[in-house]
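Here are some notes to read alongside the coordinates. I hope they are handy when you go through the chain yourself.

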Amino acid sequence: MESGPTSTPTYPNAQAWLDHHSRSLGLFINGKFVLPADRQSCSLTDSSGSVICSTVCAEDDDISQCASSAADGYQVWSELTCRQRADVLLRLVGIVGQHGQCVSELCGLCGASCSPSTVVRLLQYYGSWAQLRDAFIGGWKPLGEVWWRSSSLMTALFILYFSKSYQHWPWNGALLCEAAAGWGIPVSVSVCVGSSCPFIVFDTADIDSAVDGLIEAAFRTKTDVHWVLCVQERVVESVLARLRLRMAGLKCLALSGDEDRLLVDAAVQEAQQQGATLIQSCTPPSSGAQYPPTVLCKSAPSSPFVVSPPPGPLLPLLAFRSSNEAVALGNHTPHGQAASIWTEDLTLALETAKSAPKHYLQFVGGKPCKSVSGGSVAVEAPGGGGVLGYCPEGGRKDVRNAVEAASKVQPGWMKKSPSARAQSLNSLAKGLDARRRDLAASVSAQTGVSLDEAEKEVELSIVRLGDWAAYCDKLKGGSLPMPQSGFAISVPEAVGVVGVLLPDNNPLYSLVLQACDLPAGLVSILTGRRDQLTAALANHSVIKALWYWGSPEGCQYLQHTCTSPLKTLCLFSQKNEEEADWTHPSIMEEMWRNAVEWKSIWIPTA
């Protein structure tokens, strides 16, 4: 049965709003639109490729103004009570409702999948958390100004930093910023890079449903997410046959400009040179900011267009044999936000979701060792009291060895039961307790603090290890409320290999590690020059997070360096060290939050 002709929506409210702004959107900084002079502009197009409006491309000066506005806004926000913060967010619910029709039309104009109702649910959720802040998270400290990198409509409400590649979202963010102006809280929108996420299809999947979902996610829903199709070898041909059928007749999709078209053409040419074959819905136009939906078959996981895909409707296809290989392919991208797993085997789905996108001596791999370079650094007593000893000068190769040891032992440690992990931590606490006098004397000699203060530090370390052991079987996930059919669970998982650069006045010792039950390689201790070790840790691709105690310059270096591959940073500047209360129980909650990643698994039902 054939469908009759459908009328093209006109979106009158959205068109009127764009006309009101002369179809030229500037930057929204400190509660108002600004149009800086001598700025490049970017044309925004709808799903047919027609130019809707233009927007300004931000530069360094604009980012600086956004940062200044954010600092002012943070000062105002931090002075509000819990109820006042909740009122602000709940008032925004009313604003979204007031402008809901226009927002919906803007979403339809750019083919976005988000809706005002989604924004309302998000605002209500965080409004309730603002109300309960003192009751549940009273000991937490805010990070300060946050540069949020996202393109969804809901996060466009609070965004500080947009990129040119998010071509469809400034309309919605600009509208809501305009509507929210006048709160007395400075808001700014300026101009990040999308992410790659695996779409995994097993041979036990309903192939027709999987391909339909793939077409919808990859080619019909406009987001900043780039999907990578991973298909089990036994059903590759079936998937390709259905893709050819479903993609027939799909129109070319709009790109943000001619520059993106050049990037897409270069990526397709490179893929063909590497032996990839193409499935396209139609022939690409010879020029213009449009390109047809394209599947790049026989792609290699290491290809640049797979690891760092260009903007455009390109879908690399990778084949795998086993579920372990599927997980390896899914975790290949360093910037993944989510994964879509298709199978009718519930056990396989949950297992895949669980694994998806995660002389003093050095102590590496469970045993003391010298540095690879053979060099050493003198450890001097505070106040010029002479040399206390020498420690190895660790470097890049020592970091490599420590990371390899941690990666090797991590799967076995994660499989241990909570009680077994607790027992290992308790054995470490017992080893500390047996050497508490020697350790206190060593801390006092190296840091210059009194013996009483050193004994307090050792005692606190023993207590904290006992606390962490007790928490092993206490901190769990739970179920989540769902606005749609199905159910969801959320579970915390270890973030992976973490590099920690400790403060000089709170040292850690490897002596007790040799007498405890911790698996060899789970904890490694490197000594040496702080800046040299910092650079080595920051540039290691396997390390997932860095906790750094050091200078403001070191913090800035890590913020600049730890972007490729992306690392989670927990930075403690020395200038703020006096403000930190390491004895307060809330510090444990903060450290635990920084050491885990939450994985949410949604299982839809009919």
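**Notes on the model**

1. Let me start with one pair: arginine 321 and glutamate 325 come together through their side chains in a salt bridge, at 3.8 Å from N to O. Arginine 321 is exposed, its relative accessible area being 54%, while glutamate 325 is partly exposed at 24%. Please keep in mind throughout that this is a predicted model.

2. For the overall frame, the chain has 606 residues, and 43% of them count as buried. Its secondary structure consists of 20 helices and 23 strands. The accessible surface of the chain amounts to about 31300 Å², with 53% of that belonging to carbon and sulfur atoms.

3. How many salt bridges does the count come to? The total is 15. As a reminder, side chains of opposite charge can pair when their charged atoms come close. The cut-off here is a side-chain nitrogen of Lys or Arg within 4 Å of a carboxyl oxygen of Asp or Glu, and the 3.8 Å of arginine 321 and glutamate 325 is counted under it.

4. Another of these pairs is arginine 242 with aspartate 208, where the closest N and O atoms are 2.8 Å apart. Arginine 242 belongs to helix H9 (residues 236-247) and aspartate 208 to helix H8 (residues 207-220), so this salt bridge ties together parts that lie 34 residues apart in sequence. Both ends have some access to the surface: arginine 242 is partly exposed at 27% relative accessibility, and aspartate 208 is partly exposed at 34%.

5. A further link between helices comes from arginine 436 and glutamate 459, whose side chains form a salt bridge at 2.9 Å, N to O. Arginine 436 sits in helix H16 (residues 436-447) and glutamate 459 in helix H17 (residues 451-471), so parts that are 23 residues apart in sequence are tied together by the pair. Arginine 436 counts as partly exposed at 30% relative accessibility, and glutamate 459 is partly exposed at 34%. Elsewhere, shared partners join the salt bridges of Asp208, Asp212, Arg242 and Arg246 into one network.

6. Helix H9 deserves a point of its own. With 12 residues, H9 reaches 16 Å from its first C-alpha to its last, close to the 16 Å expected at 1.5 Å a residue. Which residues of H9 are buried? They are Val236, Val239, Leu240, Leu243 and Met247. These buried residues cover an arc of only 100° around the axis, so they fall on the same side of H9. The face turned away from that buried side carries the exposed residues Glu237 and Leu245. Just after H9, glycine 249 takes a positive phi of about 90°.

7. What about disulfides: how many does the structure hold? It holds zero. Cysteine 555 is in no disulfide, and the nearest cysteine sulfur to it, that of cysteine 570, is 10.0 Å away. Cysteine 555 is buried, at 8% relative accessibility. Cysteine 570 is likewise in no disulfide, with the sulfur of cysteine 555 as its nearest cysteine sulfur at 10.0 Å. Cysteine 570 also counts as buried, at 7% relative accessibility. The cut-off for a disulfide is a pair of cysteine sulfur atoms within 2.5 Å, so a separation of 10.0 Å does not qualify.

8. If you are looking at surface character, you may like the nonpolar patch of about 420 Å² made by Tyr125, Tyr126, Trp129 and Leu132. One of its members, tyrosine 126, lies in helix H5 (residues 116-131). Tyrosine 126 is partly exposed, with a relative accessible area of 46%.

9. Finally, back to helix H16, which also contains alanine 441. Is alanine 441 buried, partly exposed or exposed? At 40% relative accessibility, alanine 441 counts as partly exposed. The C-alpha atoms of alanine 441 and aspartate 452 are separated by 9.6 Å, and the two residues are 11 residues apart along the chain.

Conventions: Residues are numbered from 1 along each chain as its sequence is written. This is a predicted model: local features need pLDDT of at least 70, side-chain atom pairs count only at pLDDT 80 or more; totals for chains, interfaces and linings use all residues. Side-chain values use heavy atoms; hydrogens and water are left out. Helices (H or I, at least four residues) and strands (E, at least two) are DSSP runs, numbered from the N terminus. Buried means under 20% relative accessible area, exposed over 50%, partly exposed in between (1.4 Å probe, protein chains only). The expected span of a helix is 1.5 Å times one less than its number of residues. The arc is that of the directions from the helix axis to the C-beta atoms. Patches are made of residues with over 30% relative accessible area and no salt bridge: like charges are joined within 9 Å, nonpolar side chains (Val, Leu, Ile, Met, Phe, Trp, Tyr) within 5 Å. Accessible areas come from the Shrake-Rupley method with a 1.4 Å probe; for residues, only the protein chains shown count as cover.
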